[in-house]
Every structure is written in C-alpha cells, then in structure tokens.
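Subject: Structure handover and what was found in it

Dear colleague,

Please find the structure below, together with its sequence. The notes that follow go through what was found in it, one topic at a time.

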Amino acid sequence: HRQQTAELLETLIPDAGNSIRIGISGAPGVGKSTFIEVLGSHLIQLGHSVAVLAVDPSSAVTGGSILGDKTRMETLAFAEKAFVRPSPAGSTLGGVARRTRESMLVCEAAGFDIILVETVGVGQSETAVADMTDMFLLLLLPAGGDELQGIKRGIMELADLILVNKADGDQVALAARTMGDYRSAVQFLASRFDEWQTPVMTCSSLNNEGVAEVWAQVDAFKKVLSETGRLQQCRAEQAKAWMWSEMTESLVADLKSDERVKLLVPDIESAVLAGELPATVGAQRVINLYKNS
Ligand code: GDP
C-alpha cells in the first residue's frame with residue numbers, strides 16, 4: 001500500500017512535528033520498560049499525551065518484539081492518553097526504522113506531544129534511533145570501574161542524557177559511584193551539541209525516584225536547543241537524510257525486482273563469489289543492466 005501510505009503521510013504532515021521525540025536505549029534488563037512506564041505516567045499527569053514506539057531489529061529473529069510481552073507497561077498501555085505500539089515486524093533494521101519514522105508522524109498528527117522511541121542497546125539500532133529523535137537517553141546499570149570500560153564510546157557519545165537506573169536498595173551507593181565515574185568519563189567524550197554537556201543522573205524506576213528530575217533535564221535540553229535553533233536545524237537535517245535513505249531503498253528495491261537484473265545477477269554474483277570479478281565491476285555491470293532495461 002505504498003501509494004496510499006504516501007498520500008496519507010502527505011495529508012498528515014502539516015499536523016505532524018509538534019512533539020518532542022525522545023530515544024531511549026539500554027541493554028536488555030536495564031529497566032527501559034519500567035522507566036518508560038513511570039515516565040509516561042508522570043507525563044500524563046502533567047497533561048501530556050505519550051506515544052511509545054519501538055525500533056527492535058531482534059524481532060525478526062525471535063519472532064516476538066521487545067514490547068510484545070503484555071505484562072510490560074501495563075498502566076501506560078491502558079491509559080487513555082497513551083499509545084503503546086509493539087515493534088513492527090521487520091527483517092532489517094532499516095525497514096523497522098523506516099516504519100517507526102512513519103508511525104511517529106502519524107502519532108504526532110493524532111495529537112501525541114511526546115514520542116518515546118525505545119530500542120535495545122545492541123548493534124546499530126541506537127544510531128538509527130538517535131537519527132530520528134531530538135534527544136537520546138541512555139540507561140545504564142550501577143557498575144564497577146571495569147564494566148564502565150566495556151561500554152562503547154560511540155554509544156556514550158550519542159547520549160544527551162545518561163541515567164544510572166536501579167539506584168535503590170543496596171545499590172544506592174554503587175549507583176552514586178557509577179554516576180561519578182560516568183560524569184568524569186563524559187568530559188573526555190565529544191557531545192552531540194556544542195550547547196549541551198551530557199548530564200549524568202541516577203534514578204530508580206522501580207520506586208519512581210528521579211523521574212521528575214529526568215523530565216526537567218529534557219525540558220532544559222529542549223529550551224537550550226530551541227533557543228539556538230539547533231533543534232529545528234537537526235530535524236531538518238534528519239528529514240533530508242531520511243529522504244535520501246528512502247530513495248536509496250526504493251531504488252535498490254526497484255533494481256532487485258527488475259526482470260533483466262533478476263535473470264543475469266546470479267551469474268555476476270557467482271563470479272564475484274568465486275573471486276573472478278571484482279565487486280566494484282560486478283556492481284557496475286548490474287547497474288548498467290538496470291539502466292539499460
Ligand atoms: P528492559 O529489558 O530494559 O525493558 O528492563 P525491564 O523494565 O523489563 O526491567 C528488568 C528488570 O529490572 C525487571 O525485573 C524490573 O522490575 C527491574 N527494574 C527495573 N527498574 C528497576 C529499578 O529502578 N530498580 C530495581 N531494583 N529494579 C528495577
């Protein structure tokens with residue numbers, strides 16, 4: 001239904017865009033859904049309406065999705081002002097990210113003023129989510145110095161806010177130490193925006209502690225970056241990048257479905273596999289076939 005989708009999105013676009021888009025990532029078990037549940041409920045109390053979407057490339061492998069388990073986000077899922085959508089099934093990260101972007105626009109047009117995009121902290125999905133949101137939150141666990149070393153620098157550099165979750169019970173002191181360690185670490189990392197130094201905070205999603213403070217940081221972030229025009233600029237750049245990635249995907253899909261290409265590509269592929277033909281030359285041949293067909 002590509003054509004209908006395009007028409008629908010074009011109709012909705014004037015009403016989309018009036019939200020803050022927040023990406024939330026972290027390793028499985030760090031407490032993302034618990035956090036989203038309390039944050040979402042807090043936001044609804046403040047009068048917002050919240051849409052939760054997921055970018056979950058693992059769904060293609062496991063057959064389920066990270067939000068598929070019905071016990072997750074129970075309160076939020078039933079709240080009238082919330083919309084919780086499990087990850088659309090997709091075989092590629094690009095495909096899932098694409099649908100999520102589209103869903104985001106539809107949610108905005110429907111009046112949701114806060115969009116939370118959840119992703120599992122594995123592989124490339126963080127980058128995909130950071131590229132479609134205004135602000136990127138990274139959830140981490142209280143941990144010793146050694147474990148801190150294991151966190152990928154690139155992921156920390158994507159983060160606009162770092163939260164050490166599970167700062168409760170006998171982990172309070174460890175969480176505070178972890179926060180200190182990350183605070184020192186972020187000083188040596190590049191931040192995404194010149195006007196924003198990534199804050200590091202602790203919270204307990206389980207006890208609903210620190211969540212209001214998190215939202216205060218989101219507000220501050222939005223204010224600072226709106227004032228300089230950076231937020232709008234960032235969105236415009238994201239939209240342009242999205243257009244190019246759509247074109248690339250459409251062209252490749254079109255190329256792959258071309259009859260002549262389908263007929264002749266297996267031979268070219270075998271030659272490349274066998275090392276008889278350089279990949280670059282193979283690619284050029286396929287493209288020429290497509291262009292000439
Ligand atoms: P996700 O996989 O990142 O979405 O993590 P979940 O939200 O499913 O949480 C994983 C487990 O950690 C669950 O058993 C939660 O109850 C627990 N959990 C989540 N947040 C906290 C917290 O702040 N403190 C404690 N002690 N446990 C938490």
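In what follows, a residue is called buried when its relative accessible area is under 20%, exposed when that area is over 50%, and partly exposed in between. Please keep in mind that this is a predicted model.

Ile13, which is found in the loop between α1 and β1, is a case where those cut-offs matter: with a relative accessible area of 46%, Ile13 is partly exposed, because exposed would require over 50%. The C-alpha atom of Ile13 is separated by 7.1 Å from that of Leu105, although their positions lie 92 residues apart along the chain. A further pair of this kind involves Val84, which is found in strand β3 (residues 82-84) and which, at 23% relative accessibility, also counts as partly exposed. The C-alpha atoms of Val84 and Ala54 are separated by 8.9 Å, and the two residues are 30 residues apart along the chain.

Turning to open space, the largest pocket holds about 390 Å³. Its lining is made up of 16 residues, of which Ala6, Leu9, Glu102, Trp242 and Glu246 are the closest to its centre. Three elements give two or more residues to this lining, namely α1 (2-12), α5 (93-109) and α11 (230-257). Sorted by class, the residues that line the largest pocket comprise seven nonpolar, three polar and six charged ones.

Enclosed space should be kept apart from this. How many cavities of 30 Å³ or more does the structure hold? There is one cavity that reaches this volume, and the largest cavity has a volume of about 40 Å³. The residues that line the largest cavity are Met156, Glu157, Val186, Leu189, Ala190, Ser191, Gln197 and Thr198, and by class they divide into four nonpolar, three polar and one charged.

Glu102 deserves a paragraph of its own, since several of the results refer to it. Glu102 is found in helix α5 and is among the residues closest to the centre of the largest pocket; at 13% relative accessibility, Glu102 nevertheless counts as buried, because this value is under 20%. The C-alpha atoms of Glu102 and Thr5 are separated by 9.0 Å, while the two residues stand 97 residues apart along the chain. The side chain of Glu102 also meets that of Arg99 in a salt bridge, at 2.9 Å from N to O. Because Arg99 and Glu102 are three residues apart in helix α5, about one helical turn separates them. The two partners do not fall in one accessibility class: Arg99 is partly exposed, with a relative accessible area of 36%, whereas Glu102 is buried.

As for charge pairing elsewhere, the structure holds six salt bridges, and two others of this set are worth describing. In one of them, the side chains of Glu108 and Arg21 meet with an N to O distance of 2.7 Å. This pair links distant parts of the chain, given that Glu108 is in helix α5 and Arg21 in strand β1 (residues 20-26), 87 residues apart. Both Glu108 and Arg21 are buried.

In the other, Asp134 forms a salt bridge with Arg235, the closest N and O atoms being 2.7 Å apart. Asp134 lies in the loop between α6 (125-130) and β5 (135-140), and Arg235 lies in helix α11, so this salt bridge ties together parts of the chain that are 101 residues apart in sequence. Here, too, both partners are buried, with a relative accessible area of 5% for Asp134 and of 18% for Arg235. The latter value counts as buried because the cut-off is under 20%.

The last item concerns the surface, where Met243, Trp244 and Met247 form a nonpolar patch with about 320 Å² of accessible area together. Met247 has its place in helix α11, one of the elements that give two or more residues to the lining of the largest pocket. With a relative accessible area of 31%, Met247 is partly exposed; Met247 can belong to the patch because patches are made of residues with over 30% relative accessible area and no salt bridge.

With best regards

Notes:
Residues are numbered from 1 along each chain as its sequence is written. This is a predicted model: local features need pLDDT of at least 70, side-chain atom pairs count only at pLDDT 80 or more; totals for chains, interfaces and linings use all residues. Side-chain values use heavy atoms; hydrogens and water are left out. On a 1 Å grid over the protein atoms alone, a cavity is a set of points where a 1.4 Å probe fits but cannot get out, and a pocket is an open set with protein on both sides within 12 Å along at least five of seven lines; lining residues have an atom within 4 Å of a point. Grid points are joined across faces, edges and corners, and a volume is the space filled by probe spheres set on the points. Helices (H or I, at least four residues) and strands (E, at least two) are DSSP runs, numbered from the N terminus. Ala, Val, Leu, Ile, Met, Phe, Trp, Tyr, Cys and Pro count as nonpolar, Asp, Glu, Lys and Arg as charged, and the others, Gly among them, as polar. Patches are made of residues with over 30% relative accessible area and no salt bridge: like charges are joined within 9 Å, nonpolar side chains (Val, Leu, Ile, Met, Phe, Trp, Tyr) within 5 Å. Accessible areas come from the Shrake-Rupley method with a 1.4 Å probe; for residues, only the protein chains shown count as cover. A salt bridge is a side-chain nitrogen of Lys or Arg within 4 Å of a carboxyl oxygen of Asp or Glu. Buried means under 20% relative accessible area, exposed over 50%, partly exposed in between (1.4 Å probe, protein chains only).
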